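Me: I have a protein model open in front of me and would like to learn how to read its features one at a time. Could you take me through them slowly?

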Amino acid sequence: MVSAPFLVSAPGKVILFGEHAAVYGKPAIAAAVSLRSYLLTTKHVAEFSDVVTLEFPDVKLQYSWKIHSLPWNVVPKWSMDTVRPPSELNTVLMDALEQSLVAVLNPLQRSAALAFLYLYLCLCRPDMPGMTFSVRSTLPIGAGLGSSASVSVCVAAALCLLSGEVSPPETKGDDDSDFNATNYASIELIDAWAFLGERCMHGNPSGIDNAVASHGGAVMFQRMTKGNPNVRESMRNFPPLKLLLIDSRQPRRTAVQVSNVATLLQNYPLVTEPILNGIQALTTEAYKLLLMPKEKCDDVWEERLRELVRVNHGMLVALGVSHPKLEAIRMAADELEIGETKLTGAGGGGCAITLVKRDVEESRILELKARLEGHGFEVFETSLGGFGAGCLLPTKSDAAEWEEWEEKLFSLHHLLGLGDREDIQKTVGVGSIDGWAFW
Ligand SMILES: Nc1ncnc2c1ncn2[C@@H]1O[C@H](COP(=O)(O)OP(=O)(O)O)[C@@H](O)[C@H]1O
Ligand SMILES: C[C@@](O)(CCOP(=O)(O)O)CC(=O)O
């Protein structure tokens, strides 16, 4: 069992092909990005030993509950078993949590707090010491990059560590890609709990976002029904794609976009189902292309992939999940003949990706960036397919022996004082700080 303080982290993702259709059991392809969420767990001082606190400054939420005031009496018994949790939310517990959340009205804050409390009650005990859970993220929120899943995975990982359901990652060997059965079992459990957190945040998730945020890398994911396990094919040797990631900065909520598509499907099944089937066929084509050996990834290969990006976007437009700002991004990239563009994630705003032609001059890319930024859009540089969930523990268990840098790293005050995403990345970030280990 791990005790506070410690940090956990999980990445966001881009969906390359298949969003929305993924909700209906069609395959989708996604990869982890280097933008990540970080969660610090710290213990309260003695006078607040009966309080659990959330510090989620990115969504301006700071809230505490008396641990004994939470509805422990309705927590289902299955939650204390080490078996995988069920994939359905318990409605009695959800109803009881409404009472604990009456004062949290903002939907962004409320969904995050609900997901936290649901997992906290399922995985922890009323006699646990008072703690603060604070999240900082380098991901834009509600922009299609899976910020909710990366937070859910962080919460699930932290609570599984505290409750002893999982242990910190074991070193995998010389090659970090080596398979380790204990790590695998741990991350599967974290993924399953994070899925329930995602359900609290947006109702009917496919599970692709939490799968990528827990396991990292690039995956082909397919949600299965009737108790069959979801398909999650790891796509090793994922080709290095030149992608631009552009945030339209148009806020939207995944829950709303997913429910709009559900309504379309309900009203026009004969029209909407063929679109979802088309996305399925297209994702299957893309999957075959992305698995081709390197020597076959020639100009024709690249053109095919770009065509699929264009067609996928068109189908998402037909589903009604684009936005004028996303179209403005696509048109700017089209005008400069940079490559093909599609929205990524739930749409309705949020991010687009442009799959850049290999031979495009840098000057044209710079011109596109300048145009987009001139319109108030944000262009991200990120690498695809990095690490999944990980944790960082103090090197010595006794705080009295910590070095100054370690005191800062595990200090709530210091984390909350960090400025922009660069500051967060530099100070606690995977890739910037030694000692992060991954399941
Ligand atoms: N840094 C964060 N701190 C707290 N909650 C967060 C953070 N990032 C995301 N969330 C939660 O995730 C929700 C956004 O999820 P969603 O609409 O699915 O967008 P995304 O596409 O980014 O996942 C927010 O409403 C909030 O509840
Ligand atoms: C629209 C969808 O396919 C992806 C949503 O991604 P995001 O929450 O916008 O990052 C929904 C899902 O798969 O759960």
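Reply: Let us start with burial, keeping in mind that this is a predicted model. A residue is called buried if 20 or more other C-beta atoms lie within 10 Å of its own, exposed if 12 or fewer, and partly exposed in between.

Me: Is Glu 337 buried or exposed by that count?
Reply: Glu 337 has 10 other C-beta atoms within 10 Å, and therefore it is exposed. You will find Glu 337 in the loop between helix 9 (324-335) and strand 9 (339-343).

Me: Which residue offers a contrast?
Reply: His 20 has 27 other C-beta atoms within 10 Å, so it is buried, although it too belongs to a loop, the one between strand 1 and strand 2. Pro 85 is also buried, because 20 other C-beta atoms lie within 10 Å, and its place is the loop between strand 4 (61-66) and helix 1 (91-100).

Me: How should I read the backbone angles?
Reply: Most residues other than glycine have a negative phi, and most peptide bonds are trans. With that in mind, look at His 20, whose phi is positive, near 70°, and at Glu 337, where phi is also positive, near 50°. For the peptide bond, turn to the step from Ala 4 to Pro 5, which is cis with omega near 10°; Pro 5 sits in the segment before strand 1.

Me: What can I read from a helix, taking helix 4 as the case?
Reply: One can compare its reach with the expected span: helix 4, residues 181-202, has 22 residues and reaches 31 Å from its first C-alpha to its last, close to the 32 Å expected at 1.5 Å a residue. Helix 4 is mostly covered, as 16 of its 22 residues are buried, and after it comes Gly 203, with a positive phi near 75°.

Me: How is the protein chain divided into domains?
Reply: The domain assignment gives domain 1 (6-235 + 384-438) and domain 2 (243-380), and their C-alpha centres lie 28 Å apart. Their contact takes 25 residues from domain 1 and 32 residues from domain 2. On the side of domain 1 that touches domain 2, strand 1 (6-17) and strand 2 (28-43) each supply at least two residues, and strand 1 gives the most, with three. By class, that side of domain 1 has 15 nonpolar, eight polar and two charged residues.

Me: What should I know about a nonpolar core?
Reply: In soluble globular proteins, nonpolar side chains tend to be buried together. Here the largest nonpolar core has 120 residues, of which Ala 30, Leu 119, Ala 157 and Ile 190 touch the most other members. Domain 1 and domain 2 both give residues to this core, so it lies between them. Among the residues that Ala 30 touches are Val 14, Leu 16, Ile 208 and Phe 221.

Me: Where does ligand 1 lie in relation to the two domains?
Reply: Both domain 1 and domain 2 give residues to the shell around ligand 1, so it lies between them. Of the 24 residues around ligand 1, those that come nearest are Asp 58, Ala 112, Ser 147, Ser 148 and Thr 254. The shell divides into 11 nonpolar, 11 polar and two charged residues.

Me: Which residues are closest to ligand 2?
Reply: Ligand 2 is surrounded by 17 residues, the closest being Pro 205, Ser 206, Thr 254, Gly 345 and Ala 346. Helix 5 (208-215) and helix 6 (254-267) are the elements that give two or more residues to this shell, which draws at least three residues from each of domain 1 and domain 2.

Notes
Residues numbered from 1 in each chain as written. Chains lettered and ligands numbered in written order. Predicted model: local features only at pLDDT ≥ 70, side-chain atom pairs only at ≥ 80, totals over all residues. Helix = DSSP H or I, 4+ residues; strand = E, 2+ residues; numbered from the N terminus. Domains from an automatic or database assignment. Contact = placed C-beta atoms within 7 Å. Nonpolar A, V, L, I, M, F, W, Y, C, P; charged D, E, K, R; others polar. Expected span 1.5 Å × (residues − 1). Core = buried A, V, L, I, M, F, W, Y, C linked by C-beta atoms within 7 Å. Near = placed C-beta within 6 Å. Lists of a residue's contacts leave out its neighbours within four places in sequence.
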